[in-house]
Amino acid sequence: MTAISMAERMEEMASSAPAAEYIPRFGIQQRIQHFLMMTSFLLLVFTGLPQKFNDASLSQWWMGVLGGVDNARMVHRFAAWTMIIDCLYHISYIAFSTVALRRKFPIWAIPSLKDAQDLFHDFEYFFGRRTDRPRFGRFSYLEKFDYWAIFWGIPVIAGSGLILMFPVAATKFLPGVAVPVAFLAHSDEAVLAVLWVFIVHFFFVHLGPHVFPFNPSMFTGKMSREQYKVLHPLELEEMEAREGRRLAKQERDEVATASASQESAPVAADASHVAGEQTEGQSA
Amino acid sequence: MKKLLFVVLPLLALAVGVGFLVKATRNTTGSTTKPVGAVLDSKGCLECHGQKTLVKMTSQGEVPIYVEGQVLAASTHRYLDCTACHSSNLHQGKQLTMQSEVERCGSCHTYERDLYRGSVHGQALDQGSEDIATCTSCHSTGGSVHGVAAVLDLEATTFRRNIASTCARCHANESIKAKYGMELEVYESYQHSVHGKAMELASNDPRKLNKATCSDCHGSHDAKPVDAPGSRVGSISALAETCARCHRGADENYAKGFVGHKEASRSYFPLVYYGERFFFLFTAAVVFFGVLLVSFEGYRWLVGGVRRDHDDDGKGGS
Ligand code: HEM
């Protein structure tokens, strides 16, 4: 989700005009990772929750449709492996892009002091003490929370799930009590994940202001410039600044090559033009 | 032609899929309509005993001697004459007592009778208990001792899925529990255990009902108290063997992780006890935080930003 490389995006940026309607936000890799996470999560929820709430007649009806708990478990286990593989894919993808491709490590996903300040700022807004909202960079504090919630949630839920999947094998090297503990951890963590995703994640990604009723950026990979300006203004400014510098540099280089082969008079005029554009780009 | 295939094939797939779903639903949730066969009754007992009003006068007053023909007809014993269990001398027949019932059933089902005699139920019967389960307590359906059903009958009280609720008729009955000092919530805890959940949600295919139920660990005809000699759950080593009957390779360490019917507490499975509390608080705290943000955001969105009059940046964000 986060490991998008700035360089990769700048390349995409370069091919579009600076005032493009849409800003690229997620690369194909991130979109695949999110899609796998989303589909496996939904399958896990719809095959897991009825097992937790076995008393409910809705669960019993749904299990009847699936042809019994054994089928549901088969699907649950298949989706579980999909999710585990997706996570390994994500980690290897970050490792590969930073180590092998030498792209920048995705530091913009790491929580910082600004996130705490932004949260505090939002509460001030909620309580009517401020009228402006915090201005976010590539990821808001909530987006970071979403990401890191999965990052610590998956080891708990997948670890406990694997113990439930192979209880006898697990107790060959863990104490027997690991099984009931895994059972309750899995069950409760699942409820937490479901509540968070269906209430908080959905609200802030799709139903909230500026995005209602649906925000397709994780599927299309891009977001409109107006939305970007509202949701991630700091990052947009940074992008525009870079774009300005890049254009300026490009022009300077062209001028440099041109001046090498041309007479002095037109060059001076050109150079002053370039300098003007450069300062403009930096202040944007 | 090819185009036609593109239409027909998906439709066919859809039809098969829907058929599959419908079949699956039927399999598990449909109730069975039992073939109600004829009753043998070669001596014509039901002529009179099939009438609701039939009573006999005893020293204790009127005793109904009506037998429900419907229940009998649905029973697995419908081709046995009444005299197979009651006296073969017409009108010397007696209502069976708990003891004579066990002997009557046991005259054919000898193996089960012998096991029962040695079980906690059989022994309590010998000591004169009147609350104790005899054959028909578990094997009869339809609210009548005459409705003995085969164990593969979906509605039988001894159909694998129904065994727990059959045991619960006594073992989760508050007055019986109080009278005999049975303290554990055995049924409730089973229903929320992995075994109970799986059994409740399994399909009706008997091969898919291979989840553990009461009788698998405690015995059926030979049911024993946990601490009785020969109990399958009396010690960790016995428990390990019992677990291993389904969980291949299970050892004593595995069995030690079985919480059983007792609730976790500070001294009994403290890790489970504190784990439950931790996860509850943790979930509550995180969800509370999330819901708080959602409500505030939603509220401000609907109501609008504050002090809009002296600030043009009133409505959030831009
Ligand atoms: C990613 C790795 C996961 C693994 C390996 C896994 C594995 C398992 C296993 C083995 C079970 C026991 C039932 C069975 O034998 O199939 C189970 C139950 C369950 N799982 Fe998962 N699971 C995973 C993820 C999830 C997720 C993401 C959710 C939901 C958000 C979830 C929700 C549940 C629920 C609600 C139950 C029933 C628990 C109960 O009965 O109280 N699981 N899981």
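Biologist: Which residues of helix α13 (residues 236–244) of chain B are buried?

Modeller: First, this is a predicted model, where local features need pLDDT of at least 70 and side-chain atom pairs count only at pLDDT 80 or more, while totals for chains, interfaces and linings use all residues. Residues are numbered from 1 along each chain as its sequence is written, chains are lettered from A and ligands numbered from 1 in the order in which they are written, and side-chain values use heavy atoms, leaving out hydrogens and water. Buried means under 20% relative accessible area, exposed means over 50%, and partly exposed is in between (1.4 Å probe, protein chains only). By that rule, the buried residues of α13 are A238(B), L239(B), A240(B), T242(B) and C243(B).

Biologist: Which helices of chain B help to cover the buried residues of α13(B)?

Modeller: Look for contacts, meaning heavy atoms within 4.5 Å. Helices (H or I, at least four residues) and strands (E, at least two) are DSSP runs, numbered from the N terminus. What covers those residues includes, in chain B, α12 and α14 (252–256).

Biologist: How far apart are the C-alpha centres of the two domains of chain B?

Modeller: The bounds come from an automatic or database domain assignment. They split chain B into domain 1 (46–234) and domain 2 (235–283). The distance between the C-alpha centres of these domains is 31 Å.

Biologist: Which three residues supply 40% of the area that domain 1 of chain B buries against domain 2 of chain B?

Modeller: Buried area is the accessible area (1.4 Å probe) that two parts lose on being put together, summed over both. For these two domains of chain B it's about 850 Å², with 56% from carbon and sulfur atoms. On the domain 1 side, more of the area than any other three residues give comes from L184(B), R232(B) and G234(B).

Biologist: How many salt bridges does the rule find across the interface of domain 1 of chain B and domain 2 of chain B?

Modeller: The rule wants a side-chain nitrogen of Lys or Arg within 4 Å of a carboxyl oxygen of Asp or Glu. There is contact here, with 13 residues of domain 1 of chain B touching nine residues of domain 2 of chain B. Still, the number of salt bridges across this interface is zero.

Biologist: On to the two chains. Which residue of chain A forms a salt bridge with K211(B)?

Modeller: Across the interface of chain A and chain B, the rule finds three salt bridges. In the one with K211(B), the closest N and O atoms are 2.8 Å apart. The chain A residue in that bridge is D70(A).

Biologist: Which three residues supply 13% of the area that chain A buries against chain B?

Modeller: The contact takes 59 residues from chain A and 56 residues from chain B. About 5000 Å² is buried between the chains, 69% of it on carbon and sulfur atoms. More of chain A's part than any other three residues give comes from N54(A), F126(A) and T131(A).

Biologist: Which element gives the largest share of the side of chain A that touches chain B?

Modeller: Several elements give two or more residues to that side, including α2 (28–52), α4 (69–100), α6 (141–165) and α8 (178–207) of chain A. The largest share, 15 residues, comes from α8(A).

Biologist: How many helices and strands does chain A have?

Modeller: Following chain A from the N terminus, the elements run α-β-α-α-α-α-α-α-α-α-β-α-α-α. The tally for chain A is twelve helices and two strands.
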